[in-house]
Amino acid sequence: MKEKTEHHNELRIPKEDTCYVRIYPDPVLSKESAPVKNIDGKIKEVIDRMAEVMYVNKGIGLAAPQVGISKQIIIVDIGNGLRALINPEIVEGEGESSLEEGCLSLPNIEVLVKRKQKVLVRAWDVDGKEVNWEVFDFPGRVYQHEIDHLNGILITHHISRLKRELLIKKMLKELKHLKKKGYPL
Ligand SMILES: [Zn+2]
């Protein structure tokens, strides 16, 4: 997830052999991610690379499919340190709140998304320990956004089809210059 106050088109052009943010309509973004079976050094490596991509692009949350890895891993840093969760799921949710959200995979798009105000997230941490976190308000929203990615759901799924098509058309038009600069779209 991307903070609403960020300016447009801040995606960094990736150097060769580094992972980079996958932009819609990259098919990896619409797929359901596979659960992680073993939390090993390889998973830690994926998390490190995800963190690098997230920080370089000033994101506050990132899901593995956004760097082309279809695995159930998310990272979040809302200013209080990096949290990585493996196989996360929302087991409970209550209340409702609406707020505009942006997403690194959908540059220049911001949409009002209705989410649960409070959720219980169950997951595993990098040490393989089960965690059950109750998260509220904005942090709760970020976790819901990232877990949506693992199910192939983007913020544009939360609006009408007509509005979605219009926004995406506009986004792709604006992205043409990124492509010209060498972004692998
Ligand atoms: Zn996102």
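**A five-stranded sheet, its helix and its core**

S2 (73-76) and S3 (83-94) run antiparallel and are joined by four bridges. Helices (H or I, at least four residues) and strands (E, at least two) are DSSP runs, numbered from the N terminus. This is a predicted model, where local features need pLDDT of at least 70, side-chain atom pairs count only at pLDDT 80 or more, and totals for chains, interfaces and linings use all residues. Residues are numbered from 1 along each chain as its sequence is written.

**The sheet**
- Five strands form an open sheet in the order S1-S2-S3-S6-S7, with antiparallel pairing (two strands pair if DSSP finds at least two bridges between them).
- S1 and S7 each have a single partner strand, so one side of each lacks a neighbour in the sheet.
- Ile 73 has Ile 86 in S3 as its bridge partner.
- H1 packs on the sheet and touches S1, S2 and S3.

**The core**
- The largest nonpolar core (buried Ala, Val, Leu, Ile, Met, Phe, Trp, Tyr and Cys residues joined through C-beta atoms within 7 Å; buried means 20 or more other C-beta atoms within 10 Å, exposed 12 or fewer, partly exposed in between, with C-beta atoms placed from the backbone) has 37 residues.
- Ile 47, Met 50, Leu 62, Ile 73, Ile 74 and Ile 75 touch the most other members.
- H1 gives the largest share, six residues.

**Around Asp 125**
- Asp 125 sits in the loop between S6 (118-124) and S7 (130-136).
- Asp 125 is partly exposed, with 13 other C-beta atoms within 10 Å.
- Arg 83 is 42 residues from Asp 125 in sequence, yet 8.4 Å away in space, C-alpha to C-alpha.

Key: Two residues are in contact if their C-beta atoms, placed from the backbone, lie within 7 Å. Axes are lines fitted to C-alpha atoms, for helices over the stretch in contact, and angles run from 0 to 180 degrees between N-to-C directions.
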